[in-house]
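Colleague: Got a minute to go through this model with me? I'd like to start with the aromatic rings and then move inwards.
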Amino acid sequence: MNSALLIPAFLVLNLALALYLLHKLRKVHLASYRIESTLNALKDESDALFHQFQAYQALVQLIRPEKPLPPLRGWAASPDFLQHVASHVLAAAPRTIVECGAGSSTVVLAYCCRANGQGRVFSLEHDPRHARRVRRLLAAHGLDRWAWVVDAPLQADTEGGAPWYALDALELAEPIDLLVIDGPPAAIGALARYPALPRLHGQLSARCHVFLDDAARPDERAVVRRWLAEYPGFTAHDLPAEKGCVLLSPTGAGT
């Protein structure tokens, strides 16, 4: 073969080999990046689980349940949110507690009332089957005298907003000292939890505090901004929780 042709062929071969090696190196780099990302995600989840385990242990120490608590996290409130709520109830001893969305949190609130020797929980629930499950839970824990699950089907908003709980069956003898909002589900519509304050504001006591779960979501952040604009008597406090927790307290009352 002509030596003049060998040099270009050699250069082409080297270039092809270099490109092949670069391609392989890029694949190795991407694979190592994916592995690093996976390891970081696993570490974050491990840290989150450990934090929730610590919060669960603290919650159990606070309320000392007689039986294992129902499942937490996921659709249910997380241990860190419930720890904030339980600490407040045990310290402030509210007499009337209204909860939007029944579940594991209803059991925790009822344990707090029993520990205080006073207080009643009225939990609004739109799903009749879930309401029956929570009533059975309360009975199994011996807490049915401290908490009531109120059948409250979702009712269309006449002003075009998201449906909210019907309050026909909610009968309160005293003003609300604590409002815990963990419903309705976000799938109901935009700003699904906004109606809680407009619908119940007239029944709140002067010392009423409001806890909002899932407060890290954009909708809930927007809800809090609207509440603060419309009800300037409240101050908002962001409390650390995996799904976000906002506490509204009467201005000047602190947390």
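Modeller: Sure. This is a predicted model. For the rings, I call Phe, Tyr and Trp (its six-membered ring) a pair if their centres lie within 6.5 Å, with planes under 30 degrees apart counting as stacked and over 60 as edge-to-face.

Colleague: OK, how many aromatic pairs does that rule give?

Modeller: The count is 3 aromatic pairs. One of them joins Phe122 and Trp148, which are stacked at 5.8 Å centre to centre with 20° between the planes.

Colleague: Which strands do Phe122 and Trp148 lie in?

Modeller: Phe122 is in strand 2 (residues 120-125) and Trp148 is in strand 3 (residues 147-151), so the pair ties together parts that are 26 residues apart in sequence.

Colleague: And is Phe122 buried or exposed?

Modeller: Phe122 is buried, at a relative accessible area of 15%. Trp148 is partly exposed, at 37%.

Colleague: What about Trp164 and Tyr165, what kind of pair do they form?

Modeller: Trp164 and Tyr165 are edge-to-face, 5.2 Å centre to centre and 70° between the planes. Both of these residues are buried.

Colleague: Where do the charged ends of Arg145 and Arg226 sit?

Modeller: Arg145 has its charged end over the ring of Trp146, 4.4 Å from the ring centre. For Arg226, the ring is that of Tyr194, and the distance to its centre is 3.8 Å.

Colleague: Let's move inside. How many residues are in the largest nonpolar core?

Modeller: There are 33 residues in the largest nonpolar core, and Leu59, Ile63, Phe81, Val108, Leu109, Leu138 and Phe211 have the most contacts inside it. At least two residues each come from several elements, including helix 1 (3-63), helix 2 (79-92), helix 4 (128-140) and strand 9 (245-250).

Colleague: Which element supplies the largest share?

Modeller: Helix 3 does, with 7 residues of this core.

Colleague: Is there another core apart from that one, and what residues are in it?

Modeller: A separate core has 29 residues, among them Val150, Leu170, Leu200 and Leu212. In soluble globular proteins, nonpolar side chains tend to be buried together.

Colleague: Back to Phe81. Which residues is Phe81 in contact with, leaving aside its sequence neighbours?

Modeller: Leaving out anything within four places in sequence, Phe81 contacts Val180, Phe211, Leu212, Asp213, Ala241 and Cys245.

Colleague: Tell me about helix 3 then. How many of its residues are buried?

Modeller: In helix 3, 10 of the 13 residues are buried, so the helix is largely enclosed by the rest of the structure. Val108, Leu109 and Tyr111 are among the buried ones. From first C-alpha to last, helix 3 reaches 19 Å, close to the 18 Å expected at 1.5 Å a residue. Just after helix 3, Gly117 takes a positive phi of about 75°.

Colleague: There are cysteines in there. How many disulfides do you count?

Modeller: The count is 0 disulfides. Take Cys112: the nearest cysteine sulfur belongs to Cys113 and is 6.9 Å away. Cys112 is buried, at 0% relative accessibility, and Cys208 is buried too, at 1%.

Colleague: Last one: where is Asp182 found?

Modeller: Asp182 is in the loop between strand 6 and helix 5 (196-200). Its relative accessibility is 16%, and buried means under 20%, so Asp182 counts as buried.

Colleague: Which residues does Asp182 touch?

Modeller: Not counting residues up to four places away in sequence, Asp182 touches Ala77, Cys100, Gly101, Arg193, Asp213 and Asp214.

Definitions and conventions
Residues are numbered from 1 along each chain as its sequence is written. This is a predicted model: local features need pLDDT of at least 70, side-chain atom pairs count only at pLDDT 80 or more; totals for chains, interfaces and linings use all residues. Side-chain values use heavy atoms; hydrogens and water are left out. Helices (H or I, at least four residues) and strands (E, at least two) are DSSP runs, numbered from the N terminus. Buried means under 20% relative accessible area, exposed over 50%, partly exposed in between (1.4 Å probe, protein chains only). A charge sits over a ring if NZ of Lys or CZ of Arg is within 6 Å of the ring centre and within 35 degrees of the ring normal. A nonpolar core is a set of buried Ala, Val, Leu, Ile, Met, Phe, Trp, Tyr and Cys residues joined through side-chain atoms within 4.5 Å. Contact means heavy atoms within 4.5 Å. The expected span of a helix is 1.5 Å times one less than its number of residues. A disulfide is a pair of cysteine sulfur atoms within 2.5 Å.
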